[in-house]
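Me: Please take a close look at the aromatic pairs in this protein. Then set them in the context of the rest of the fold.

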Amino acid sequence: MKSTPLSLIAGTVALAAVTGFAALTAPGDAGEPEAKAAARLPVERTSLLCPAPSTSDVAETTYTSFTPAGKSGGEAGAAELEPAEALPVDEDAPADEDATSDEEKEKDADKEKATDGKPVISLKDPGKPSTADTDKADAPALIGTATGKLAPGWAAQQTTTAAAGGARGLLGVSCSAPDTDFWFPGASTAAARQDYVHLTNPDDTAAVADIELYGAEGALKSDVAEGITVPARSSVPMLISTLTGEEAENVTVHVTTRSGRVGAVVSAAEDEVGSDWLSASADPAQTLVMPGIPADATSVRLVAFAPGEDDADVKVQLMGKNATFAPAGNDTLHIKSQMTASVDLKDVTRGEPGSIRLSPADGSSTPVVAALRVVRGTGDEQEVAFIPATAAVGDRASVADNRAKGSVLSLTAPGATAKVKVTASAGSEGGEPTVKTYTVKGGTTLEVTPEAPSGLKGSYALTVETESGGPVHAARTLTLTEGGIDMFTVQTLPDDGGTVEVPQARQDLSVLDD
């Protein structure tokens with residue numbers, strides 16, 4: 001007698017849709033025909049974390065939440081971003097004898113207001129973004145979950161404009177999923193830089209994280225970067241230069257967790273140049289792509305790191321408007337094991353949009369991580385942004401908070417020629433979606449100004465879907481002019497993970513075998 005309970009099959013499918021992983025082995029299946037090919041189903045739950053935006057009194061932040069239409073997760077569901085909780089009060093700390101009861105009550109009220117659990121932003125329907133704004137210098141990090149039909153492909157963008165001060169700039173970041181391992185090549189402990197790594201814990205129990213720093217000569221000594229506790233549903237910013245006594249222009253930051261999971265992102269502020277967010281590089285790989293260098297970039301610096309025990313040799317190539325070529329004098333880069341390497345590519349794009357590809361050279365097979373520091377403008381009108389290596393668009397990827405003016409989409413095909421569909425969503429306050437198809441020639445970068453939604457009111461989201469051909473890597477550049485300075489930020493578009501493979505169980509419903 002042999003039977004396969006239907007509840008087991010259904011439970012496995014549900015588990016895969018929620019977690020992205022499932023395996024099904026029925027008793028007595030050895031030697032029998034293999035199960036059908038895995039199917040892809042929409043995820044039913046996803047999480048995103050946004051860091052605390054800015055401590056500047058003149059900063060203004062816009063949050064945008066968006067789920068693309070189609071590939072529904074079924075039930076209605078919800079998508080909300082809520083404030084992370086304030087850090088627990090140290091009850092052993094001495095009381096402030098000078099503080100009046102009214103002052104204490106006011107502080108308590110402010111804390112309660114910031115962490116009362118009410119969503120900062122809620123998304124109602126797929127296909128139309130929702131937005132919220134704040135100008136508070138103490139705006140908290142946000143923790144969010146999407147379920148049901150709002151889960152597949154859920155994206156959130158945090159865009160901060162700081163027109164003056166040491167953190168001047170347009171700081172944009174795509175809110176990211178929690179994880180246990182992050183690489184940030186391109187950080188710094190130099191005197192002119194103030195870089196913070198933000199750790200946000202979405203769970204109901206504390207997480208414990210370690211931070212490793214690597215400069216040009218190897219690991220930077222630190223006695224305080226291990227065993228960092230991130231309390232439940234809280235966020236901890238760490239000034240990187242305080243984690244070590246060594247000053248280094250180019251630093252790779254490695255964040256791991258001993259227990260729990262966190263969201264991690266680096267805020268970088270540089271004297272006279274501005275500030276922006278540095279998101280994590282794609283996982284270590286032999287070949288990496290950094291798409292979306294603006295045509296008018298005046299300075300491009302490549303920072304790379306080899307995390308393994310072997311050195312790496314990589315070819316450095318610029319995929320330009322019409323062809324792929326090696327930057328003059330910088331066609332290869334040697335990266336010593338566990339040391340940060342960098343090369344100044346200067347104005348490598350020379351008036352045309354481009355993307356950088358790293359690939360193995362001289363038989364090297366060592367995986368690496370990498371990012372670009374990109375500067376536009378000169379003198380007092382310089383502005384900085386960062387482009388980490390990113391995964392391909394895959395089936396679909398989205399980026400929120402595009403404006404009627406100032407949004408540019410870069411599409412790069414490092415291999416074969418590819419065709420992609422680009423959808424501009426309905427506007428947050430009105431407007432009808434528009435759809436265009438683009439062909440990206442292999443080995444080139446195509447820069448397009450998206451066709452905004454018809455009758456646009458508010459902001460909109462861009463969704464890129466691969467239709468045919470080779471892989472495509474994408475990035476969105478958002479430019480806003482403040483005080484005569486073109487401030488900008490770049491966000492990459494990796495696959496949104498909106499679907500997950502689910503094994504197809506054999507449909508043998510017999511109860512008895514004679």
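Reply: The aromatic rings come first, then one strand pair, then the whole chain. This is a predicted model, where local features need pLDDT of at least 70, side-chain atom pairs count only at pLDDT 80 or more, and totals for chains, interfaces and linings use all residues. Residues are numbered from 1 along each chain as its sequence is written, and side-chain values use heavy atoms, leaving out hydrogens and water.

A search of the whole structure gives 3 aromatic pairs. Rings of Phe, Tyr and Trp (its six-membered ring) pair if their centres lie within 6.5 Å; planes under 30 degrees apart are stacked, over 60 edge-to-face, the rest tilted. F182 and F184 are stacked, because their ring centres are 6.3 Å apart and their planes at 15°. Buried means under 20% relative accessible area, with a 1.4 Å probe and protein chains only. F182 has 8% relative accessibility, so F182 is buried. F184 has 0%, so F184 is buried too. Ring pairs also join W183, Y214 and F305 into a cluster.

Now the strands, which are DSSP runs (E, at least two residues) numbered from the N terminus. Two strands pair if DSSP finds at least two bridges between them. Strand β3 (residues 59-66) and β6 are antiparallel, with 5 bridges. Y63 faces A132 of β6. In β6 (residues 130-134), the covered face holds S130, A132 and T134. T131 and D133 form the uncovered face.

Finally, the whole. The protein has 38 strands and 2 helices (H or I, at least four residues). Of its 514 residues, 49% are buried.

Technical notes:
Buried means under 20% relative accessible area, exposed over 50%, partly exposed in between (1.4 Å probe, protein chains only).
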